Amino acid sequence: MSDYKIITDSTFDLTPKLVEELDVQVIPLSFVMGEKVYYNYPDERDMSAGEFYRRIRAGESSTTNQINTSTFLDVFTPVLAAGHDILYMAFSSGLSGTYNSACMAAEELRGKFPERKILMVDTLAASMGEGLLVYYAVQQKRAGATIEELESWVVNNRNRLAHWFTVDDLNHLKRGGRVSGTAAFVGTMLGIKPVLHVDNEGHLIPMEKVRGRRQSLDALVKHMGKTAQLENAKTVFISHGDAQEDAEYVAEQVRTKFPGSKVYLNTIGPVIGAHSGPGTIALFFMAENKD
């Protein structure tokens, strides 16, 4: 049985330590700020998350780019040439064209490396939701899953990876077309905080409106309590848009309601953060279903 490599992209927002522990290869997406292109590496070598959010809070804006086909060719080719098969776990196709670019690269490379297996999987996930799915995939690989078995496992379990999150500033959702200008203005005046999730097609969907920041954080844990699989709630990921204190609050609520849970925290990287904004808090766990 040939060895295979799990490759993913930097929108999974995992810490450099976890990247090293999981032994996965990460392709960075890019973002533009001040007319300069930066790459969203897990080790923040181009720009730290702290600097990114400082500049966003100061009024700068950022746009993002998907990974193009030529980059995938550059990354995949040496892996295949070294005799490894590839399982690529992509950022949700509901939020980016990155998955489609990967599929085009894979189709081209299958002609050049007919003896190799090149499997592309749309995670339908984002931020540390994507990261948690990669985390579980690595555990399956280490337990002996073949590349085909792992592809099947990811496809069968990606819609059990729950994403619940809230944002602190409705204007970022307005810019992304998630709420109207009027709703953003009125919601901001009334202190309304939306609670959203990622649906089975990998899209961001508003689910409810809560008045007040603390209530919106509690709502995330409330949804976890409704759908989390207790046996799989032992590993929980929380990502945040430069809001460590609020993330710690949610983590403590999770530990209280789900004793024994191991909770990992990290900052939302610039690619996701450009759309969600500072203050975003997101909670990820395995559930009966995403809803």
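Author: Axes are lines fitted to C-alpha atoms, for helices over the stretch in contact, and angles run from 0 to 180 degrees between N-to-C directions. This is a predicted model, in which local features need pLDDT of at least 70 and side-chain atom pairs pLDDT 80 or more, while totals for chains, interfaces and linings use all residues. Residues are numbered from 1 along each chain, and side-chain values use heavy atoms, without hydrogens and water.

Reader: At what angle do helix 5 and helix 6 pack?

Author: Helix 5 covers residues 127-142 and helix 6 residues 147-157 (DSSP runs of H or I, at least four residues). Their axes lie 10 Å apart, and the angle is about 145°.

Reader: How many residues of the contact of helix 5 with helix 6 are nonpolar?

Author: Leu-133, Tyr-136 and Ala-137 are among the residues of helix 5 that meet helix 6 (heavy atoms within 4.5 Å). Helix 6 contributes Leu-150, Trp-153, Val-154 and Asn-157. Two residues of this contact are polar and one is charged, whereas the nonpolar ones number six.

Reader: Is His-197 buried or exposed?

Author: His-197 belongs to strand 9, residues 192-198 (a DSSP run of E, at least two residues). Its contacts beyond four places in sequence include His-163, Trp-164 and Lys-290. Because its relative accessibility is 2% (under 20% is buried, over 50% exposed), His-197 counts as buried.

Reader: Which residue in strand 5 stands opposite Val-32?

Author: An open sheet of three strands has the order 4-3-5, with antiparallel pairing (at least two DSSP bridges). Strand 3, residues 30-33, pairs with strand 5 over three bridges. Opposite Val-32 stands Thr-63.

Terms used: Buried < 20%, exposed > 50% of the residue type's maximum accessible area, 1.4 Å probe, protein only. Nonpolar A, V, L, I, M, F, W, Y, C, P; charged D, E, K, R; others polar.
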